Structures are given as structure tokens and as C-alpha cells.
Amino acid sequence: MALFKLFFALLLLCTSTYGAKFTFVNKCEYTVWPGILTGSGTPPLETTGFELPQQSSRSLQAPNGWSGRFWGRTGCKFNGTGPGSCSTADCGSGQVECNGAGAAPPATLAEFTLGSGSQGSQDFYDVSLVDGYNLPMIVEASGGSSGMCAATGCVTDLNKYCPDELKVSNGDACKSACEAFGKPEYCCSGAHNTPETCKPSAYAAIFKMACPRAYSYAYDDLTSTFTCTGADYTITFCTSIPTSHTAVVNATPSTTNGNEQQAAMSSAPSPGTSGSGSGPEPEPMMRTSGSSDSRRNHSLSTLQFLFIASAFIFFF
């Protein structure tokens, strides 16, 4: 009986301490090195970065109340003879472990704030393109209750549609307009640091059209932050197209339940801004989609770009 009581006490301790399991899956045709940045005031996970070969997975346990962000680094070279580096989303540590450093933009980010574990406390999560884009990513919740518990992310390869002025080197990543031009209207800074004064630019429209559920600019909250309670989460890099989840992730989230969504946003951390991958505390953001043209291999022409941007701004 004493052993049973001890076992039950340990079980209660574990279930009250650990808030969610994060499973990382790599479906890319290349190795991905996930990076992890934990928010201030919450304990770090067991690793801050690791190698994830093609068609492999790895799970990490996070405690209740944990907050942080995940991203995928590509083109990394770590050979043990000196500091290594990655061609996209490098954290600058020179190692596989990021050791508290964030992603250098451009980087596709998955951001989480887990509930405290008390009854009714919700997780907030999103996928953000505010710091630009480097690879497709989907977040899926499983086993949760309450909240939307919806899949989100970006299944479209935005590198194929990136305007020339936002492209990085040979097209491995796509900058945000804020990083590329540094203007307040693109960065939601200065006189443009409120939801009323910072509106989506033509460049944000490109991101949003391709990935409707991911954050395309700093105040893209209403359709980009998601909630769930008591869930585990799968973060998949380069989900195959088509999949059973593609239609869901590509769909624009309904905003008809305004009261629930506004209540969620009032208690969720505010989204980060471009450049936030360099170290500030992580915060949520989100939204994603995949267009029927996602497998075309050419970039948008100037005419196509202007047409899509104008249409988005007109109907916004």
C-alpha cells in the first residue's frame, strides 16, 4: 500500500508539473537543426538545439507555464573542429545548442505560452512570419480540450514566391519588409506602434495570401493566435503536399466567434516584432495557408505581386 501511495503521489506530481509534450518531425528532403529559445522566468527545456535528420522525430517535455519559441535551422555545418554555422536561422552560438540565443532573421517561428496547469488555463500558440520565412512549418495540437485547438503554420514554400528585394542570397530564405527596409511603417515602430497605425503592407499581403493562419505583421492577431487546453503539440517541418491537414492549415480561420477570440487575445502575450529572434523574450503569433500554385518553381512577377497586394489591402 505504501508503494502504491508513493507511485500515486509521483504520478500527481508529474502530471501537475509537465504541461505539454512537443514532438518535432522532419519531412524535409534535408536535415533540419531545430533551435529553442525559452522565455524569461520559465525553466529551459532539456536542450536548446539539436540535429533532426530527414524523416526522423524527437520529443521534448515542457512544464506548465513554459513559454518560448522554436525554429528550424538549415544548411548547418558543425564538424567539431571549430565554430559552426547555419545558412538560415542561425542562432550564432557556433554550436548545435543555441544556449539562449535566438534565430537570426529570416526565420519561420513557432511560439508557445503554456497554461499554468490550473483548471481552465489555456495554451496560446502561433506560427509567425514577422521575422521572415526560411522553411515550411506546421503546428498541430492533439489530445486537447477547450479553445480552437486548430492546426496552424505555413505549408507553402514562400521562397518560391519571395519578391526579389526580400530574397536572401540564392533564395534560401525570404526577409520581412521590416528587416529589408527598416521603415517604421513596416516594423510597426515609432508612430506606427499601435494596431490603429500599423497596417499590413503589400509585402505582408504576400505572406498572408500564402499562409493565412500565420502572423504576417506584428498586429496580425485576430486570425493568427490559437488556444487549446491540456494538449500536446507536433511541430512538422516541410509537410508533404497534399496531406489531410493541408486544407485545414490553408483555410482562413473563422472570426465569427468574436467574443471568444477577443477574450483570448486580451490574456495572450503580445506578438514579437521583426528582429525579435535576436534574443527578446518569445511571444506568440500565427497564421498559415497553402495556395494551389504552391508547387510552381518561379517567383511572382511584378504585375502578379502588385495585383495580389492591392486586392488584399482593398478587402482588408
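**Figure 1. Pairing of strand β1 with strands β3 and β12 in the predicted model.** Strands β1 and β3 run antiparallel and are joined by seven bridges. One residue pair can be picked out here: Ala 20 has Ala 62 of β3 as its bridge partner. Strand β1 also pairs with β12, this time in the parallel sense, over five bridges. In that pairing, Asn 26 has Phe 237 of β12 as its bridge partner. Strand β1 covers residues 18–26, β3 covers 57–63 and β12 covers 232–237. In a regular strand, side chains point alternately to one face of the sheet and the other. The chain as a whole contains seven helices and 12 strands.

**Figure 2. Strand β2 and its pairing with strand β4.** Strand β2 spans residues 33–38, and five of its six residues are buried, which leaves the strand mostly covered. Strand β4 spans residues 67–73 and runs antiparallel to β2, with six bridges between the two. Trp 33 stands opposite Arg 73 of β4.

**Figure 3. The largest nonpolar core.** This core has 43 residues. Phe 22, Phe 70, Phe 112 and Tyr 233 have the most contacts inside the core. At least two core residues come from each of the strands β1, β3, β5 (109–113), β6 (123–128), β7 (137–142), β11 (226–228) and β12, and from helix α4 (202–210). Helix α4 gives the largest share, four residues. For the chain as a whole, buried residues make up 49% of the 316 residues.

**Figure 4. Surroundings of Phe 112, and another core.** Leaving out residues up to four places away in sequence, Phe 112 touches Phe 22, Phe 70, Phe 124, Tyr 125 and Tyr 233, among others. Its contacts also include Trp 66, Ser 67, Gly 68, Val 139 and Ile 235. Apart from the largest core lies another one, made of eight residues. Ala 89, Cys 91, Ala 103 and Leu 109 are among the residues of this other core. Over the chain, 73% of the contacts between residues at least 6 apart in sequence join residues at least 24 apart.

**Figure 5. Helix α4.** Seven of the nine residues of α4 are buried, so the helix is largely enclosed by the rest of the structure. The buried residues are Tyr 203, Ala 204, Ala 205, Ile 206, Phe 207, Lys 208 and Ala 210. Lys 208 is thus listed as buried together with Ile 206 and Phe 207.

**Figure 6. The largest cavity.** A search of the whole structure finds one cavity of 30 Å³ or more. The space in the largest cavity is about 180 Å³. Its lining consists of 21 residues, and Ser 176, Ala 177, Tyr 186, Ser 216 and Tyr 217 lie nearest the centre. Helices α2 (177–181), α3 (184–187) and α4 each supply at least two of the lining residues. Sorted by class, the lining holds 14 nonpolar, five polar and two charged residues.

**Figure 7. The loop between β4 and β5: Ala 89 and Pro 106.** Most residues other than glycine have a negative phi, and most peptide bonds are trans. Ala 89 is not a glycine, yet its phi is positive, at about 60°. This residue sits in the loop between β4 and β5. With a relative accessibility of 2%, Ala 89 counts as buried because the value falls under 20%. Pro 106 has its place in the loop between β4 and β5. The peptide bond leading from Pro 105 to Pro 106 is cis, with omega near 0°.

**Figure 8. Cys 149 in the loop between β7 and β8.** Strand β8 spans residues 152–154, and Cys 149 is found in the loop between β7 and this strand. Cys 149 is not a glycine but has a positive phi of about 50°. Its relative accessible area is 22%, so Cys 149 is partly exposed.

**Figure 9. Thr 239 in the loop between β12 and α5.** Helix α5 spans residues 246–250, and Thr 239 is found in the loop between β12 and this helix. Thr 239 has a relative accessible area of 11% and is therefore buried. Not counting neighbours within four places in sequence, Thr 239 is in contact with Lys 27 and Ile 138.

Definitions and conventions
Residues numbered from 1 in each chain as written. Predicted model: local features only at pLDDT ≥ 70, side-chain atom pairs only at ≥ 80, totals over all residues. Heavy atoms only, no water. Core = buried A, V, L, I, M, F, W, Y, C linked by side-chain atoms within 4.5 Å. Buried < 20%, exposed > 50% of the residue type's maximum accessible area, 1.4 Å probe, protein only. Contact = heavy atoms within 4.5 Å. Pairing = 2+ DSSP bridges. 1 Å grid on protein atoms, 1.4 Å probe; cavity = no way out; pocket = protein on both sides within 12 Å on 5 of 7 lines; lining within 4 Å. Points joined across faces, edges and corners; volume = space filled by probe spheres on them. Nonpolar A, V, L, I, M, F, W, Y, C, P; charged D, E, K, R; others polar.
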